Amino acid sequence: MAVAGVLTLLAVAYLVVDLGADAGDDDAVAEAEPQAQEAAGAVATTTPSSSVPSGRGVSTVAAPDRAGVTLPVGPVGEFLPAATSGGTVGTGPVRTYDVEVEAATGVDPVGFAGAVEAILADPRSWIADGSVAFQRVPEGGSFTVTLATPPTTDQICLPLNTAGILSCREGDRVIINLTRWLEGTTDWDGSLEDYRAMVINHEVGHALGHGHLGCPGPGQLAPVMMQQTKGLDGCVGNPWPFPGP
Ligand SMILES: [Zn+2]
């Protein structure tokens with residue numbers, strides 16, 4: 001019965017995709033991106049998190065993958081917390097956050113947490129105006145940054161249609177799609193490093209309560225809360241909330 005339930009969940013997820021409703025929050029339009037990548041690294045062996053929401057992305061079957069990533073390399077729907085702390089960055093009111101990685105991604109949770117932490121600690125990120133400070137905690141933060149496989153991202157992000165390639169923010173959870181994290185997208189003409197900064201800043205921006213913005217004018221830097229990989233509308237791509245002069 002459990003397997004049947006999982007299959008039903010997957011069927012619902014892909015039905016939504018197939019209907020073509022583009023409610024996906026961020027990143028590119030849902031085009032096919034032929035890819036032949038290997039998820040990097042060995043499967044982490046950290047104790048699974050006990051904070052996995054019930055009914056969210058729980059599966060023990062190899063879900064079909066729309067983006068061509070070879071999955072899974074570890075248990076699907078099992079999330080591994082980074083389980084380490086970071087320092088507080090910024091001078092504003094502290095927002096705690098924790099980081100977790102789906103085991104099936106094969107990505108080291110501590111390494112991913114370090115990358116997220118470096119982005120949020122950058123002086124061009126949300127801490128720049130003193131309105132917020134960040135502290136990474138082992139578990140139970142005010143929001144969670146999750147790296148997940150495309151099928152799991154699709155499940156967690158419902159009813160948004162992430163179509164196997166997009167990332168989203170769902171409640172207090174920021175879900176980053178593994179494929180995009182590893183490869184970026186051809187709809188972003190900057191570096192992979194900048195793409196990662198853009199998607200983390202954008203989705204964390206949602207967790208902080210920020211909505212979408214449009215291009216303020218031709219030739220200007222795009223606001224980080226613009227859905228930049230869906231079109232720049234004359235703006236210049238920008239991964240930072242406060243890019244400076
Ligand atoms: Zn968005």
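Read along its sequence, the chain follows the pattern α-β-β-β-α-β-β-α-β-β-α-α, in which 5 helices and 7 strands are represented. The model described here is a predicted one. Of the 245 residues in the chain, 44% are buried, and among contacts between residues at least 6 apart in sequence, 72% join residues at least 24 apart.

Strand β3, which spans residues 94-102, pairs with strand β1 (residues 79-81) in the antiparallel sense over 3 bridges, and within this pairing Pro81 stands opposite Glu100 of β3. Strand β3 also pairs with strand β4 (residues 133-136), in this case in the parallel sense and over 4 bridges, with Tyr97 standing opposite Arg136 of β4. Between β3 and β4 the chain passes through helix α2 (residues 109-121), and the resulting β-α-β crossover is right-handed. A further parallel arrangement joins β3 to strand β5 (residues 143-148) through 5 bridges, and here the bridge partner of Asp98 is Thr144 of β5.

Within strand β4, Ala133 illustrates how segments separated in sequence are brought together: the C-alpha atoms of Ala133 and Val89, which lie 44 residues apart along the chain, are separated by 5.5 Å. When neighbours within four places in sequence are left aside, the contacts of Ala133 are Thr88, Val89, Gly90, Thr91, Gly92, Pro93, Val94 and Ile127. Ala133 is nevertheless classed as partly exposed, because 18 other C-beta atoms lie within 10 Å, whereas a buried residue would require 20 or more.

The largest nonpolar core comprises 45 residues, and those with the most contacts inside it are Phe112, Val116, Leu147, Val174, Ile175 and Ile176. At least two residues of this core are supplied by each of β1, β3, α2, β5, α3 (150-157), β7 (173-177), α4 (178-183) and α5 (192-207), and the largest share, 7 residues, comes from α5. For Leu147, once neighbours within four places in sequence are set aside, the residues in contact are Val101, Glu102, Thr105, Val107, Phe112, Ile176, Leu178 and Trp181; Phe112 and Ile176 are thus both contacts of Leu147 and, like Leu147, among the residues with the most contacts inside the core.

Several features of backbone geometry are found outside the helices and strands. The peptide bond from Leu158 to Pro159 is cis, with omega near 10°, and Pro159 is placed in the loop between α3 and β6 (168-170). Ala83, although not a glycine, has a positive phi of about 60° and is located in the loop between β1 and β2 (88-89). With 17 C-beta neighbours inside 10 Å, Ala83 counts as partly exposed. A positive phi, of about 55°, is likewise found at Asp233, which is not a glycine either; this residue belongs to the segment after α5. Asp233 has 14 C-beta neighbours inside 10 Å and therefore also counts as partly exposed.

Key
Residues are numbered from 1 along each chain as its sequence is written. This is a predicted model: local features need pLDDT of at least 70, side-chain atom pairs count only at pLDDT 80 or more; totals for chains, interfaces and linings use all residues. Two strands pair if DSSP finds at least two bridges between them. A crossover is right-handed if, with the strands pointing away from the viewer, the path from the first strand over the helix to the second runs clockwise. A residue is buried if 20 or more other C-beta atoms lie within 10 Å of its own, exposed if 12 or fewer, and partly exposed in between; C-beta atoms are placed from the backbone. Two residues are in contact if their C-beta atoms, placed from the backbone, lie within 7 Å. A nonpolar core is a set of buried Ala, Val, Leu, Ile, Met, Phe, Trp, Tyr and Cys residues joined through C-beta atoms within 7 Å.
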